[in-house]
Amino acid sequence: MKIYSMTATFGKLNHETLTLKPGLNIIEAPNEWGKSTWCAFLTAMLYGIDTRAKTTKTVIADKERYAPWSGAPMEGRIDLNWNGRDITIERRSKGRLIFGDFRAYETNTGRNIPEMDGANCGQMLLGVERSVFLRAGFLRLGDLPVTQDDALRRRLNNLVTTGDESGAGDKLGKHLKDLKNRCRYNQKGLLPEAEAQKQQLEHRLEELGDLRTQEQRLQQRQQELDTWISRLQNHKTALAYELSQGETKQVAEAAQKADDALLRVQQLEKICKDLPSAAETEQELHKAQSLQQEWMSLQMESQMLPGEPQAPVASASCQGMTPGAAVEQARRDQEKAAALEKRKKGNGRLIWIFAALALLVQIGVAVLYFACRDVWWRLPVTVGAEAVVVLGGILTAIICVVRAKSIAAAIGAIYLRYPGKNPDAWLSEAQEYERAYDAYLHKAEECRALRGDVDQRLKAIGNKISAFAEDGDLQGQINHINSVLSAWKLLADANRDLQQAASHADTVRAMAKPVRPPEFPDTLEYSKDETNALMANAVSERQQNQRRLGQFQGQAEALGQEESLRSRLKQVKSRMDKLEDIYLALELAQKALSQATAELQRRFAPRITKRAQELFCMLTGGRYQRLTLEEDLSLSVSTQQEDTLRTSLWRSDGTVDQLYLALRLAVAEELTPNAPLVLDDALVRFDDVRLSAAMDILRKTAENKQVIVFTCQAREKNA
């Protein structure tokens, strides 16, 4: 495709025309001249404008960004040559639909091209989707890196693996998937439908069998009922015949029963005369039962409340005392025991003190005895001193023993209050009891608070019960009310019995007429009422069975003939077997296709890689000799001096632009051979040497397709 001219009312362009020529077109213009607007106009004319896109904080929708500044409706025209035909495409805004009015016609004759419309225009003219054209044949400075797009990836994969970009492999895979989904997709498809039909037919056959069985049972029961009704009818005749033999007696007995029933009614009417009416009694009973129910509910609620806590058990030392008194007593006993223990130790020291004094006296007497040998009083003094020491020792021993017993008795009395306890634990035990008792009091107060509301309501309902029932005996009152209701019920029953007895007497009188004997011997022993009841039940059952039999027969007819159902079930099973075979074959085909595609994709992009490597080598003056293209369309290259390939992150911005320009030119040669190649300031970061090489490549490319270079500098023309 080659463009002759473009006329646009688009953004800042107002009925402006851009004329082009075959081959290389270099359009040099300053910034804000409209170069990017012409590029956007070309894309919009070929593929239309997405009117559903909305403006966001970061992106302005094309319908708003390129709205004509003049306020005129957006419109445009392109004159071009396509497959040797000069044609014109026009787009105009139609109401609120921007570029909604499309027309394509032959330029010279004005004859419309019916196969081309606004939706398929770009696809027909260029042979690729919008996204592929923008990434393969439309080069801007900011868009030089080739990013993945589903359409671009699909075309590249098909092209480099099969040599055909028509997507036949993908179409085959999709067709296999569609066929497989038609067979079974979750709970839908031909197989689930056939399974449902099979289950339905099996269910209908099962229902039909059940209906036939029930129909046979009903027919057998009908025969039994006919025989039974015949016997009952014969028994009724026998009873009537027997009754006719003693009808006088029966009439008298029936009359007597009616009189007895009347007497019973009169007696009960006297009893109920002074009683409240049945309606009033019912109201009283309802009120009493409501009070009883409310009382029982409150009792249950009271029982569900937590019970009173149990007071802590006082130890032997705390028995009969308040917790505070027990603590104080333990403190005093602890101090007293310590003092007694101290006195006990002092009592032992007294003996030792006396022993020391006695020794000193003995020493003094001995010294005096030997020092005063010629003194007459030496002997009496010595004897007296010895006597004093002996008496003092005896007296000291007596005092110590008495004192020790007294102290031991006092200590023992104290220890008896704390059996088995160390004196150090007396006070802590009493304090623990005091804390436990305080916790008990606190918990008891909480329980009383919880029960307070329930107790108040119990008291209130108790007052109501006392006001309603004498002596508060609600159950007695209920029993009394029930006895009154029983009296009224007995009266009602007596009236009913009276009516039945009177009716029976009238019936007996009316039936007192000749009756024929039974047709065959009667072996039944039922009364007339029992016979009538049995007869009514049998007739009713026979009628119901007849209706059910008709329903079963209708349901069986609705289900269809058993042979036809079994034939259809056989057909469905056969079809299911075929569908299962087809489903398995489709799975095997999908697996084989997937394996084949995987094998082909492992050979990824030999032609594009080779062509991109040649172009990049030309752009860099032979510096870069190696280039690889990954499946995600990323590139890695190396120079002659480098042993390893490196990604574009290792290269300068200008080199990266040249790397991706080479790739995009290679992709454009393969994917968009008939589309014009458009460059919008794509060579800005090229140095003069590589710019010259790039222009040489573009001139060579322009020999086979139209190349349009928009630039803001004069280097491209001079290169």
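**Questions on the structure**

Me: What places Phe-133 and Phe-138 among the buried residues?
Reply: Phe-133 is buried, and Phe-138 is buried as well. The term buried means a relative accessible area under 20%, against over 50% for exposed and in between for partly exposed (1.4 Å probe, protein chains only). This is a predicted model, in which local features need pLDDT of at least 70 and side-chain atom pairs count only at pLDDT 80 or more, while totals for chains, interfaces and linings use all residues. Residues are numbered from 1 along each chain as its sequence is written, and side-chain values use heavy atoms, leaving out hydrogens and water.

Me: How do you know that α1 spans what its residues lead one to expect?
Reply: Helix α1 covers residues 35–47, 13 in number. Its C-alpha atoms, from first to last, reach 19 Å, which is close to the 18 Å expected. That expectation is 1.5 Å times one less than the number of residues. Helices (H or I, at least four residues) and strands (E, at least two) are DSSP runs, numbered from the N terminus.

Me: Why is α1 described as largely enclosed by the rest of the structure?
Reply: 12 of the 13 residues of α1 are buried, so the description applies. Among them are Lys-35, Trp-38, Phe-41 and Tyr-47. After α1 comes Gly-48, with a positive phi near 85°.

Me: Why is the pair of Trp-38 and Phe-41 called edge-to-face?
Reply: The structure holds 7 aromatic pairs. For Trp-38 and Phe-41, the ring centres are 5.8 Å apart and the planes stand at 85°, so the pair is edge-to-face. Rings of Phe, Tyr and Trp (its six-membered ring) pair with centres within 6.5 Å; planes under 30 degrees apart are stacked, over 60 edge-to-face, and the rest tilted. The two residues lie 3 apart in α1 and are thus separated by about one helical turn. The rings of Phe-133 and Phe-138 have centres 5.4 Å apart and planes at 90°, so this pair is edge-to-face too.

Me: Which residues form one aromatic cluster with Trp-38 and Phe-41?
Reply: Phe-10, Tyr-66 and Phe-99 join Trp-38 and Phe-41 in one cluster.

Me: What makes β1 and β4 a pair of strands?
Reply: Strands pair if DSSP finds at least two bridges between them. β1 (residues 2–10) and β4 (residues 75–82) have 7 bridges and run antiparallel, so the criterion is met. Ala-8 stands opposite Gly-76 in β4 and opposite Glu-16 in β2. β2 (residues 13–19) is joined to β1 by 5 bridges, again antiparallel. With 2 residues between them, β1 and β2 form a hairpin, where Gly-11 in the turn has a positive phi of about 65°.

Me: What makes the link between Asn-81 and Tyr-4 a polar contact?
Reply: Asn-81 lies in strand β4, and its side chain makes a polar contact of 3.4 Å with that of Tyr-4. The term requires a pair of N or O atoms within 3.5 Å; within protein, one must be able to donate a hydrogen and the other to accept it, and residues adjacent in sequence count only if both atoms are side-chain atoms.

Me: Which strands are the edge strands of the open sheet?
Reply: The open sheet has 4 strands in the order β3-β12-β11-β7, paired in parallel. Its edge strands are β3 (24–28) and β7 (138–140), each pairing on one side only.
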